[in-house]
Every structure is written in C-alpha cells, then in structure tokens.
Amino acid sequence: MTEAAEYTPPKVWTWDKESGGRFASINRPIAGATHDKKLPVGKHPLQLYSLATPNGVKVTVLLEELLAAGHTGAEYDAWLIQIMEGEQFGSGFVDANPNSKIPALVDHSGANPIRVFESGSILVYLAEKFGAFLPTDAAKRAEVLSWLFWQMGAGPMLGGGFGHFYAYAPIKIEYAIDRFAMEVKRQLDVLDRRLGESEYLGGDEYSIADMAVWPWYGALVKGLVYEAGEFLQVQDYKNVLRWTDTIGARPAVKRGRMVNRVMGDPASQLRERHDAGDFDTKTQDKLEPAPAESATR
C-alpha cells in the first residue's frame, strides 16, 4: 500500500483546499442551502426524497413491506435526489432535512406536514404510524430498537470509515484501512453470533431492525460493495449469509431495492416511484451491487 506523508495538524483547521477523492465536490464544512429549489409533491400523503444508497433502501423496503401487508395508507411518491449533483443542498430539501442527507420524508396526511429525517427515525415513525414491524411487547420492542440503533452507530464505521479509505480515498493509508477493517469484521462477528441464535435480529419476527441492517451488511457479505469480499473474507459469516438470502428473497424487498436506483442494470432501476404499477415493466429478481454512492449515506 502507498503510505501517506506524515501530517502534523495545524492549531486551527481551515477550509482552503478540496478534500480530494470521489466526494470532494459535495463535501463542505458548513450547512444550509446552496440554491433555491422547491421539492415536488405528488398525489400521496407520504412524500419520500431519496436515492437508493443503503440508507435510502431501508425506507423504500419498509414502505413496500407495509403495502404488501395491506397498509394502503403507506402509498407513497419517491422522488430522486441526485446527491452527487448537490440536489440535497436545494432549499426545499434543506427544509425537509437541515442535515442535507438522504432520505427525507414529509407526511402530508395530517392538518400540517410533518418532516422526518434520518433513516432510523423514519423507520420508527412509519412503524409506529402503521403499527407494523415494531413489536409492542416491551422486551421485544427493546431488542428491535437496540439492533436498529446498533446499525445507526455501526454503519458510519463501515461506509464512511472502511468503505471510504479502502475504496474511495485518493491515497491508500494502511493504518486507516487496518483500523476500519478490524472494526467491520468485529461488527460482522457480532451479527453472525446474534443470527446464530435468532432467525432475525429482533427475535423470531422480521422487523425494522432487519430492514435497517440488510442494505449495508447484506450487500457486504455477498461481496457486492467496495469490491472487498475477498479482503474481508465475508464467506466466513454463515449466519449473516443465511439471513441475507432470506430477506433478499422477499418480493417487497426486491421492489424496495429498485426505487430511486440509478446504477446497475436499467431493468433493476425505478428512478421515481409514484404508483405500484410503476414496477410492472421492471424485473425484481436481482440483487446487484449497491450504488457507488453508498459510502455517502
């Protein structure tokens, strides 16, 4: 590996050069809108603004699962936000999510619109709204929420940590790659041990915890992100592989995986979703590599 030159941090950091790497054009140390742009609003109460990165897929999978379970009120419009083009910095999106990260949801079903941002928050909001995929029993609910927030805390170590330094950084830094590879393998071991004793993360029932973890770690153990399957020896995590295949076979998961997708086989992409019939001309039997943008959210 090419080693980075030794770096001594200055007393005060200043933003006087690009960070380099794949995402330099959208990285900046300040928040807020860069341009005026209203968000479109479709015909359904639920309006989703997203992209099919792992965090975006969490929400579209839940929405499709809710519809498959008969919750007709979960019908939604899914609008594409092209994060590599900076659309998350439009004024309308910043109003929906001041953190300028996908996904963002706006619920128009009440007297006043409700914004919900951060993927974990959206999962809990929808699960509670429809009374599905989140147990009401206190112990079972605690287990599901624990694994959901495990993912929210662990995911940045995988995407922003390992994925960035292994796949996207402009230089290879051995220390950074070793540090994050060790942590990702530890996380996979945590999951593998849990799934060796339980069918799903929360117990015997499929839940929002599985929907949160699957787009990240399911793709990882199938060798589909960062081209790191051999490097991380993902075939060793047999229980995670079993769980990944079980969830990936669900029709609603296949549909959710397609929504707001812009990479891979065109037949597996549904750039916007406004009606269940939008899937009719698409195939839903493929689990292809996650978008290259996955490290960005």
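**Notebook: loops, helix packing and buried sites**

I began with T72, which is exposed, with a relative accessible area of 66%. The model I am reading is a predicted one, and I keep that in mind for every entry below. T72 sits in the loop between α1 and β2, the latter covering residues 76-80. I then took the distance from T72 to F130, 58 residues away along the chain, and found their C-alpha atoms separated by 9.8 Å.

**Entry on L67**

From T72 I went back to L67, which belongs to helix α1. Setting aside neighbours within four places in sequence, I found L67 in contact with T72, A74, E75, Y76 and R273. I also looked up the pair L67 and G202, which are 135 residues apart in sequence and 21 Å apart in space, taken from C-alpha to C-alpha.

**Entry on α3 and what follows it**

F130 led me to helix α3, residues 119-130, where I checked the length against expectation: its 12 residues, at 1.5 Å a residue, should span 16 Å, and the end C-alpha atoms are 17 Å apart, which agrees. I listed the buried residues of α3 as S119, G120, I122, L123, V124, L126, A127 and F130. These buried residues pack against β1 (46-50), α1 (54-68), β3 (104-107), β4 (114-117), α4 and α6.

Just after α3 comes G131, and I noted that its phi is positive, near 60°. F133 also has a positive phi, about 65°, although F133 is not a glycine. I placed F133 in the loop between α3 and α4, and with 18% relative accessibility it counts as buried, because the cut-off for that class is under 20%.

**Entry on two further backbone features**

I looked for non-glycine residues with positive phi elsewhere and noted E227, at about 50°. E227 lies in the loop between α6 and α7, where α7 covers 229-232. Is E227 buried or exposed? At 76% relative accessibility, I count E227 as exposed.

The peptide bond between I102 and P103 is cis, with omega about 0°. I located P103 in the loop between α2 (91-96) and β3.

**Entry on α5 and its partners**

I next took helix α5, residues 174-197, and asked at what angle it packs with helix α6, residues 208-221. The angle is about 110°, and the axes are 12 Å apart. I therefore describe α5 and α6 as roughly perpendicular to each other, since that class runs from 65 to 115 degrees. On the α5 side of this contact I listed V184, Q187, L188 and L191, which meet V213, Y217, L220 and V221 of α6. Sorted by type, the residues of the contact of α5 with α6 are seven nonpolar, one polar and no charged.

I then turned to helix α8, residues 238-248, whose axis comes within 7 Å of that of α5, the two crossing at roughly 70°. By the class limits, α5 and α8 are therefore roughly perpendicular to each other. From α5 the contact takes L188, L191, D192, L195 and G196, and from α8 it takes K238, N239, V240, R242 and W243. The residues of the contact of α5 with α8 divide into five nonpolar, two polar and three charged. I marked L188 and L191 in my list, as these residues of α5 take part in the contact with α6 and in the contact with α8.

**Entry on G163**

In helix α4, residues 138-168, I looked up G163. Its relative accessible area is 0%, so G163 is buried. Leaving aside neighbours within four places in sequence, G163 is in contact with L158, Y168 and Y226. For the pair G163 and Y226, I noted a separation of 63 residues in sequence and 6.1 Å in space, C-alpha to C-alpha.

**Entry on Q269**

My last stop was Q269, in the segment after α9 (251-258). With a relative accessibility of 12%, Q269 counts as buried. Which backbone oxygen does the side chain of Q269 reach? I found that of G264, at 2.9 Å. Not counting residues up to four places away in sequence, Q269 touches M258, R261, V262, M263, G264 and K282, so that G264 appears both in this contact list and as the partner of the side chain of Q269.

Methods
Residues are numbered from 1 along each chain as its sequence is written. This is a predicted model: local features need pLDDT of at least 70, side-chain atom pairs count only at pLDDT 80 or more; totals for chains, interfaces and linings use all residues. Side-chain values use heavy atoms; hydrogens and water are left out. Axes are lines fitted to C-alpha atoms, for helices over the stretch in contact, and angles run from 0 to 180 degrees between N-to-C directions. Helices (H or I, at least four residues) and strands (E, at least two) are DSSP runs, numbered from the N terminus. Angles under 35 degrees count as roughly parallel, over 145 as roughly antiparallel, 65 to 115 as roughly perpendicular and the rest as oblique. Contact means heavy atoms within 4.5 Å. Ala, Val, Leu, Ile, Met, Phe, Trp, Tyr, Cys and Pro count as nonpolar, Asp, Glu, Lys and Arg as charged, and the others, Gly among them, as polar. Buried means under 20% relative accessible area, exposed over 50%, partly exposed in between (1.4 Å probe, protein chains only). A polar contact is a pair of N or O atoms within 3.5 Å; within protein, one must be able to donate a hydrogen and the other to accept it, and residues adjacent in sequence count only if both atoms are side-chain atoms. The expected span of a helix is 1.5 Å times one less than its number of residues.
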